[in-house]
Amino acid sequence: MSEQVIQWHGAGLTRVPYAVYTDAAMARVEQERVFRGATWNYLCLDVDLPEGGSYRTTAVGETPVIVVKDDDGEIYAFENRCAHRGALLALEKSGTVKDFQCVYHAWSYNRQGDLVGVAFEKGVKGQGGMPASFCKEEHGPRKLRVAVFCGLVFGSFSEDVPPIEEYLGEEICARIERVLHKPVQVIGRFTQALPNNWKLYVENVRDSYHASLLHLFFTTFELNRLSQKGGVIVDESGGHHVSFSMIDPAAADASYKEQGLRSDHDRYRLKDPTVLAGFTEYDDGITLQILSVFPGFVLQQIQNCLAVRQVLPTGQDRTELNWTYLGYADDTPEQRGMRLKQLNLVGPAGFISMEDGAVGGFVQRGIAGAQELEAIVEMGGDGTESSEGRATETSVRGFWKAYRAHMGIDGGTA
Amino acid sequence: MIDLLRLCAFNAAYAQAIDNDELERWPSFFAERCLYRITNVENEREGLPAGIVYADSRAMLEDRIAALREANIYERQRYRHLLGIPVVASADAGGAVATTPFLVARIMATGETMVFASGEYRDRFVLAGDQLLLAERVAVCDSTVTDTLLALPL
Ligand code: FES
Ligand SMILES: [Fe+2]
């Protein structure tokens, strides 16, 4: 980070310079050290690749990537970039292929990302062609390491990244297994274009402090205002987190009964509460679990509403948030119906999530002209340890701990 | 009898209720048991049932408006719907099936206007007494991407 002039002030991880959300040089280094660095990036679900030849196009940071299953049943991933002049190899979001052929000059690649064909390699009628020294094996798109954990396909450009289980750590693995313990089915895909830097969204996901302050849906409709049991888990690296809570049904019942006497509050009650009429499917009583994996992956269980989210930077102040809504393959029609209704809580129109789509933009616009200033991330102290209470920014600090480690930023300036 | 003109008038009134910020009137365009869903062409092509919005009763639509008024936090914005002419698949004395293309521009508090959504309504209308109502409206957006958030209904 040669000409890096961003100043990191304050004690440890409690100050975040606003410049990190706007600085172009920072963004370039980020692509190299975070997204193409020693991290595992979510690519797709293994159910997205049902058979040999099934592929999906996705991205790691801004780098376009193809994920494809070969006939050996293995999943391969490589840059979606032709070795010749750099054109995209696959143009569709998904499909089935025998191999990949570049549209530009018809160079072709097998499903493992090897360059196997160069059009007119020997020339035409003895004229032209590639030099005899040209060796196809030496050229090809960059390949990623691939790891599948609980049906989640991750990829890494790094040779140094530890195995996925080690990267995630025991607690995060267990929390992923808790949700993805049986086969899932995709029930919808939606993309939200966010008007802010990607880091503002991943911070928001880790920010348990804002939840009951920004999202008034539950409190307004008197659905979930009782103090809940729960906690925040931050892993050793700081980069991954879990925030969870449980609704106490007995207490909720009492609250509803009591509310029944207060008819003047009727207009603040849901007329059709079936939107939240879920069913118990985990025996630990946890009704909400938001889990993040550094840098840009989120797994969500909000009651019976399951989804994975992929956070991709598409520019300094643009982010693509890809939602994949899930059910279990063995859902009954009733269970599936409940999930469809509960999805009203999340996504671009979600009673809870719509606000998360907007606040990042409020920050991005708010910090214009304030690049030399910084955010305060001091709620709940200055550490990154797990916590029972959720009025804390511990997992936001955790994100910065991991981010700074990958970026090679120590305390003070970088 | 339900005819094209009646469907056009219905759609015009529907769009006007939203665009004029008379959102409380919006649920009244639907039958009590109804389906309102917002999705996109890709999900439809693959038969994926989830929606950005998914409501199977008029009461759920009323709850959504109440939430927008009382609970949700979003920047002031309004829509301008431009609706095409319905293509009527069937119509008789009891109901109609039709699709209508829409274009929705979003006008933000900052003064900026942008094309927010295009697509088509896939509708099933019923006659309840003299009143034309939507038994089903699936708004199928052409784009898979929603800018920032979708607060107001399409
Ligand atoms: S760019 Fe792909 S073959 Fe030329
Ligand atoms: Fe939030």
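**Notes on a predicted model: a strand residue, an iron site and two domains**

1. Leu103(B) is found in strand β5 of chain B, which covers residues 95-108. The reader should keep in mind throughout that this is a predicted model. With a relative accessibility of 34%, Leu103(B) counts as partly exposed, because that class takes in values between the 20% limit for buried and the 50% limit for exposed.

2. The surroundings of Leu103(B) can be described by its contacts beyond four places in sequence, which are with Arg80(B), His81(B), Leu82(B), Val115(B), Ala117(B) and Ser118(B). A further reference point is Leu154(B), which stands 51 residues from Leu103(B) along the chain, with 9.4 Å between the two C-alpha atoms.

3. Turning to chain A, the iron ion (ligand 2) is coordinated by NE2 of His210(A), NE2 of His215(A) and two OD atoms of Asp356(A), at 2.0 to 2.4 Å. The angles that these four donor atoms subtend run from 57 to 151 degrees, and the arrangement is therefore irregular. To be called tetrahedral, four donors would need all angles to lie between 85 and 135 degrees.

4. Along the sequence, the donor residues of the iron ion (ligand 2) follow the spacing H-x4-H-x140-D. Because His215(A) sits in the loop between α5 (211-214) and α6 (217-220) while Asp356(A) belongs to helix α9 (residues 353-366), the pair ties together parts of chain A that are 141 residues apart in sequence.

5. Are these two donor residues, His215(A) and Asp356(A), buried or exposed? His215(A) has a relative accessibility of 8% and so counts as buried, and Asp356(A), at 9% relative accessible area, is buried as well.

6. The side chain of His215(A) also takes part in polar contacts, one of 2.7 Å with the side chain of Glu355(A) and one of 3.1 Å with the side chain of Asp356(A). Once neighbours within four places in sequence are set aside, the residues in contact with His215(A) are His210(A), Ile352(A), Glu355(A) and Asp356(A); His210(A) and Asp356(A) are thus both contacts of His215(A) and fellow donors to the iron ion (ligand 2).

7. Ser292(A) offers another buried position in chain A, with a relative accessible area of 0%, and it lies in strand β15 (residues 288-293). Which side chains make polar contacts with the side chain of Ser292(A)? One is that of His241(A), at 2.7 Å, and another is that of Arg206(A), at 3.3 Å. Both residues return in the list of contacts that Ser292(A) makes outside its neighbours within four places in sequence, a list that also holds Val205(A), Gly239(A), His240(A), Phe297(A) and Val298(A).

8. On the scale of the whole chain, the domain assignment divides chain A into domain 1 (41-147) and domain 2 (170-407), and the C-alpha centres of the two domains lie 36 Å apart. Where the domains meet, eleven residues of domain 1 are in contact with eleven residues of domain 2.

9. Between them, domain 1 and domain 2 of chain A bury about 870 Å², of which 62% is on carbon and sulfur atoms. Within the area that domain 1 buries against domain 2, Tyr42(A), Leu45(A) and Val47(A) supply 51%, which is more than any other three residues. A reader who wishes to inspect this boundary from the side of domain 1 may begin with Tyr42(A), Leu45(A) and Val47(A).

Definitions and conventions
Residues numbered from 1 in each chain as written. Chains lettered and ligands numbered in written order. Predicted model: local features only at pLDDT ≥ 70, side-chain atom pairs only at ≥ 80, totals over all residues. Heavy atoms only, no water. Donors = N, O, S within 2.8 Å, 3.2 Å for Na, K, Ca; no water. Tetrahedral: all angles 85-135°; square planar, octahedral: opposite > 155°, others 65-115°. Helix = DSSP H or I, 4+ residues; strand = E, 2+ residues; numbered from the N terminus. Buried < 20%, exposed > 50% of the residue type's maximum accessible area, 1.4 Å probe, protein only. Polar contact = N/O pair within 3.5 Å; in protein donor to acceptor, adjacent residues only side chain to side chain. Contact = heavy atoms within 4.5 Å. Domains from an automatic or database assignment. Buried area = accessible area lost by both parts, 1.4 Å probe.
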